[in-house]
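Hello,

Here is the structure I promised to pass on to you. Have a look at it first, and then read my notes below with the model open beside you.

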Amino acid sequence: MASTEPPEAGPSLERLRSVFRVYDVRADGEQLVYYGEPLVTQERLMQTVWPLFREQGYEVSLSTRMGEYVLVAEPVHLGPNGVPWKNVVLFLATVLSTLWAGTLWYHVNPVSNPVGAVMTAWPFTFAVMGVLGTHELGHYVMSRYHGVEASLPYFIPVPLSIIGTMGAVIRMKGQMPNRKALFDIGVAGPIAGLVATVVVTAVGLTLDPVTVPQSVINSANTMEVQFGYPPLLKGIAAVMGQPLTFADPSRSVNPVVIGGWVGMFVTFLNLIPVGQLDGGHIVRAMIGERQESIAALVPAMLFGLAAYVFYVLDVSNATVLWVIWGFLSMFFAYVGPANPVNEDGLDAKRMAIGILTFIVGVLCFTPVPIEIIGP
């Protein structure tokens, strides 16, 4: 049945009248649905109605139903609604997959002695999960601060891989209030993750190197993994006076340092200035819609990097990595970053933090992050 009386929870129709002429209001479960006619552009409409609905605890969006314009308002749930079982299961699965990967770096057998393997490999898991989790929790905490609905981190397990995971993500829902919120949420992850990464790297460098069994050294079927250490990691090692490589092939850096490497690699990838990546959000907040011009150049730069690694450095593994990221960046550029409701610019302090974050991100870059030399 059609109605022109708003539900008790919604804003008054009088406050919507200047931008949206309402001719039908319905309650659909938790949703409030306002059928009507926009009287202004979509941008101005959302700038006007979004804060009105947020005052009442709703997230609002403009869409169409059966050819009619509708404002759809849904309650904002900032915290988890019940036990987040999917997050818990993925977290536990990633703990297991990183423990398995850790046994490879510590050269222990998880099959013959599973308890001993876990007791040996847990520092690697703690390091990797720590830097990834801290990064995503930075986004989550700042999302809560700005009243943006976000999920807890979803960890991504990758069994039988050399690090056991592809990282973690959070899912944000609803409109971004303004460019300040977009910036704060986007930059919080890399900053929090970098702090955790520096701590993990420093701790790992103080731990004893791992002894490589002679059987592994002599085996012709052993796959060798060589990490390219970025300037930031080399700088931390230099400050602490600790080596990253050893002349003795029976010694290798403690796997906790690899956890620091993971943090730096993830930080650099996330700061690529395109689409839904942290770098895309930060640049969108800093320079507005001009971010699209920068995003359009990113795929070409990554493909160019792939060509440099292949033809000049002659490393095929890293070439494949940058080609994949070149195609991913094309997809991210197509999707685009979040668009804030309010387009007011950033203050000088945030602009400076953004520039500094990208500078540190460059220090996390190396053209050949990893090279696999296998049988």
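Let's begin with two neighbouring strands: strand 1 and strand 2 (residues 31-38) pair in the antiparallel sense, over 8 bridges. To find one of these pairings on your screen, look for Val 25, whose bridge partner in strand 2 is Tyr 34. Please keep in mind that this is a predicted model.

Now zoom out to the whole sheet. It is an open sheet of 4 strands, with antiparallel pairing and the order 1-2-4-3. Which strands stand at the edges? They are strand 1 (20-28) and strand 3 (58-65); each has a single partner strand, so one side of each is left without a neighbour in the sheet. From one strand to the next, the twist averages 25°. Helix 2 (residues 42-55) packs on this sheet and touches strand 1, strand 2, strand 3 and strand 4 (68-75). The direction of helix 2 makes about 140° with that of strand 3.

Next comes helix 4 (residues 114-145), which has a bend worth finding. Where does helix 4 bend? The bend is at Ala 121 and amounts to about 50°, with a proline, Pro 123, following within four residues. After helix 4 comes Gly 147, which has a positive phi, near 70°.

Finally, follow helix 5 (residues 179-206), starting with its contact with helix 8 (residues 255-270). Two packed helices are described by the angle between their axes and the distance between the axes. Here the axes come within 7 Å and cross at roughly 155°. That angle makes helix 5 roughly antiparallel to helix 8. The crossing of these two helices is left-handed. On the helix 5 side, the contact includes Leu 194, Thr 197 and Gly 204, and on the helix 8 side it includes Gly 259, Gly 260 and Gly 263. Sorted by class, this contact has 6 nonpolar, 7 polar and no charged residues.

Helix 5 also meets helix 12 (residues 348-363): their axes come within 11 Å and cross at roughly 35°. This crossing, too, is left-handed. Among the residues that meet are Lys 180, Phe 183 and Asp 184 in helix 5, and Arg 350 and Ile 353 in helix 12. How many charged residues does the contact of helix 5 with helix 12 have? There are 3, alongside 7 nonpolar and 2 polar residues. Leu 194 of helix 5 is worth clicking on, as it is listed in the contact with helix 8 and in the one with helix 12.

Enjoy exploring, and best wishes!

Key: Residues are numbered from 1 along each chain as its sequence is written. This is a predicted model: local features need pLDDT of at least 70, side-chain atom pairs count only at pLDDT 80 or more; totals for chains, interfaces and linings use all residues. Side-chain values use heavy atoms; hydrogens and water are left out. Axes are lines fitted to C-alpha atoms, for helices over the stretch in contact, and angles run from 0 to 180 degrees between N-to-C directions. Angles under 35 degrees count as roughly parallel, over 145 as roughly antiparallel, 65 to 115 as roughly perpendicular and the rest as oblique. A crossing is left-handed if the near helix is turned anticlockwise from the far one by less than a right angle, and right-handed if clockwise. Contact means heavy atoms within 4.5 Å. Ala, Val, Leu, Ile, Met, Phe, Trp, Tyr, Cys and Pro count as nonpolar, Asp, Glu, Lys and Arg as charged, and the others, Gly among them, as polar. The bend at a residue is the angle between axes fitted to the seven residues ending there and the seven starting there. Two strands pair if DSSP finds at least two bridges between them.
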